[in-house]
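Please report on the packing of this protein: its nonpolar cores, its internal cavities and a few buried segments. Keep it brief.

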Amino acid sequence: MSDEALSNLLREDRRFPPPAELAAHANVTTATYEQADADFEGFWAAQAERISWGKAPTQVLDWSNAPFAKWYADGTLNAAYNCLDRHVENGLGDKVAYHFEGEPGDTRSITYAELTAEVCQAANALTELGVKAGDRVAIYMPMIPEAIMAMLACARIGAPHVVVFGGFSAEALATRIQDCGVEIVVTTDGGFRRGSPSPLKPAVDEALLECPTVRNVLVVQRTKQDTPMTEGRDLWWHEFVGKQSTQHAYENFPAEHPLYVMYTSGSTGKPKGILHTTGGYLVGTSYTQWATFDLKPDTDIFWTAADIGWVTGHSYLVYGPLANGSTSLMYEGTPDTPHRGRWWELIEKYKVSILYCAPTAIRTFMKWGAEHPEKFDLSSLRVLGSVGEPINPEAYVWYRHFIGGDRTPVVDTWWQTETGMHMISPMPGVTEGKPGAAMRAIPGVVVDVVNDEGVPVADGEGGYLVVRKPWPAMLRTLWGDDKRYAETYWSRFPGAYFAGDGAKKDSDGDIWLLGRVDDVMNVSGHRLSTTEIESALVSHPKVAEAAVVGATDETTGQAIVAFVILRGDAGDGGPDVVTELRNHVSKEIGPIAKPRQIMVVEELPKTRSGKIMRRLLRDIAENRELGDVTTLTDSSVMHLIKENLSSSSSAED
């Protein structure tokens, strides 16, 4: 990247200091960083005291067989006990663990005592079905409380759970069941989405045609649709689980006992089964929820607006919040059902104080307009979080202003399925917020930005993001494939974990994430990040969302092609708007970054977790046949874009 382009990209003059009241009572202070830097293992030994151990560990980290880490290895514990029973024993049985809001409007507030009883019933049911410690159980469910109960029941008996997002296909479910050797599946008849019941059990039936190892299927009755049940295999949750005792004697397991396997797509080959173990993961998630969000468990209402099918739901809807004894909101539906103010209505109703969601949702709200949140009282909010991808500076400022009332810190968290916990984030009581920057590693985590040779870059330069030291919630391996684990994450820069993401340091040394290195383009010898150009586009007042790809070009090697969604009041997206946006990018970054083509679209292709599928947009930009679209929320979006391509506006210099 040219010096001129890089210097333009690394500027952000807006600063938002921590609110004085929050800073005065913050969980994390500058001293926290100093303690972690001075005594790495001592710091993580102290964090281990956040949870209850059957046998307290005497060793913090065993890194003798790198890159295979062991944390608190001689300690024993039970994850479900830490999330449930101990809070009941400490007099918090009547405290609400979850406020559940179903999409049709049904509600349920579940106390820690009630959740403990129902998890015990589910644990007894799984035991009756022959599930033993170490056996894998697949969970394929919508966002309902029984999904969390199934996860905790597995944890209680030491059976690693394999949660598969309820929007995935039967084929995707079958692949994961087969790879992990699953014998029991927990699912529902269906769920509600955008006002209508949607069946789920038929996908399980289809998947199991290829999975003869599955003995039983537990089915929660959610929508009460007609549901085929295979005699001898399928059991209704309310009948089989409902008859079980509400008492269950838990067992303590070694800290390195597997807690769950979560599959994440590989760029090539089969999906990767990320293995997380119990002790370090529970320490890492409970610590980071408490630290990153300045959690006050006695008073905060915490809302992670993520599905349990993703790691964000595992770490910050289930294990972190429950280990901390906090109260969470769990919502089944979509942000626009029955109206576009649904989220803000729920925040007002439950007095949510911490909201954690993805930039793609924030940009959608920007597109819909501020009139929706302005109808509701959002004064209960005190911390806002962002997760899933780098947040554009303008989305950050909109989020802080229209949702946070200009009084809330925004914590833009960088982490991965593999890391299990936050790795880079502002600390709301310490950090002066900088829109778009992830800032610096959290206390107890050591990251760096390096060049191709693995040498740390100077401030003002870009490179590759690496993690220098192990961390408690890190993945231990890939299920059944130690070799692939070592090669994928530890071979590019020996001795360091390579996240696969590009990053840059600004003149202050703060870190900006550039997205996957696969999304870095080479335009006439200049390395440009899709994230940077997207941020420039979204900074224009007419643009709500943007996606950028590099398309093969005979002259420049790669050319920049942008797809943009305009805000509601931006007009028709004709040639004048396209020219205006191209010139805006040139002004913000430099002439080298001016898109060859800008296409105005109604929607962008997104996976069910909200990530933009740039691979498919690249297919369109290079006039190829569309690749696999099965993971998209709405596959018709791609065909609409392709149909409109011939009439799209483009311009040449």
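The report below covers cores, cavities, an annotated segment, one helix and one buried loop residue. The model is predicted.

**Cores**

The largest nonpolar core holds 112 residues. Inside it, the residues with the most contacts are W44, L115, L152, V318, Y319 and L322. Helix α8, residues 145-157, gives the most to this core: ten residues. A second core of 50 residues is separate, and its members include L329, M366, A536 and A570.

Y319 shows what such packing looks like in the chain. Beyond its neighbours within four places in sequence, Y319 is in contact with A79, C83, M151, L152, A155, H161, L259, Y281, L282, T285 and H314.

| Core | Residues | Some members |
|---|---|---|
| Largest | 112 residues | W44, L115, L152 |
| Second | 50 residues | L329, M366, A536 |

**Cavities**

How many cavities of 30 Å³ or more does a search of the whole structure find? There are five. The largest has a volume of about 80 Å³. Its lining counts 14 residues, and F16, P409, V410, T431 and G433 are the closest to the centre. Two elements, α16 (393-403) and β20 (410-412), each supply at least two lining residues. By class, the lining has eleven nonpolar, two polar and one charged residues.

**Annotated segment**

UniProt, in an unreviewed entry, lists residues 31-83 as "domain: Acetyl-coenzyme A synthetase N-terminal". Over residues 31-83 the chain is 40% helix and 11% strand. The end C-alpha atoms of this stretch lie 29 Å apart.

**Helix α9**

Helix α9 spans residues 170-180. Its buried residues are A170, A172, L173, A174, R176, I177 and C180. An α-helix has 3.6 residues a turn, so residues three or four places apart point the same way. The buried residues of α9 pack against four further stretches of strand and one helix: β6 (137-140), β7 (161-163), β8 (184-188) and β14 (258-264), plus α10 (201-208). G181 follows α9, and its phi is positive, near 65°.

**A473**

A473 sits in the loop between β22 (462-467) and β23 (477-478). Is A473 buried or exposed? A473 is buried, because its relative accessible area is 0%, and buried means under 20%. Leaving out residues up to four places away in sequence, A473 touches H276, G280, Y281, G284, E418, T419, G420 and M421. Y281 is also among the contacts of Y319. G495 is 22 residues from A473 along the chain, and their C-alpha atoms are separated by 18 Å.

Methods:
Residues are numbered from 1 along each chain as its sequence is written. This is a predicted model: local features need pLDDT of at least 70, side-chain atom pairs count only at pLDDT 80 or more; totals for chains, interfaces and linings use all residues. Side-chain values use heavy atoms; hydrogens and water are left out. A nonpolar core is a set of buried Ala, Val, Leu, Ile, Met, Phe, Trp, Tyr and Cys residues joined through side-chain atoms within 4.5 Å. Buried means under 20% relative accessible area, exposed over 50%, partly exposed in between (1.4 Å probe, protein chains only). Contact means heavy atoms within 4.5 Å. On a 1 Å grid over the protein atoms alone, a cavity is a set of points where a 1.4 Å probe fits but cannot get out, and a pocket is an open set with protein on both sides within 12 Å along at least five of seven lines; lining residues have an atom within 4 Å of a point. Grid points are joined across faces, edges and corners, and a volume is the space filled by probe spheres set on the points. Ala, Val, Leu, Ile, Met, Phe, Trp, Tyr, Cys and Pro count as nonpolar, Asp, Glu, Lys and Arg as charged, and the others, Gly among them, as polar. UniProt positions are given in the numbering used here, feature names are shortened, and annotations may be inferred rather than shown by experiment.
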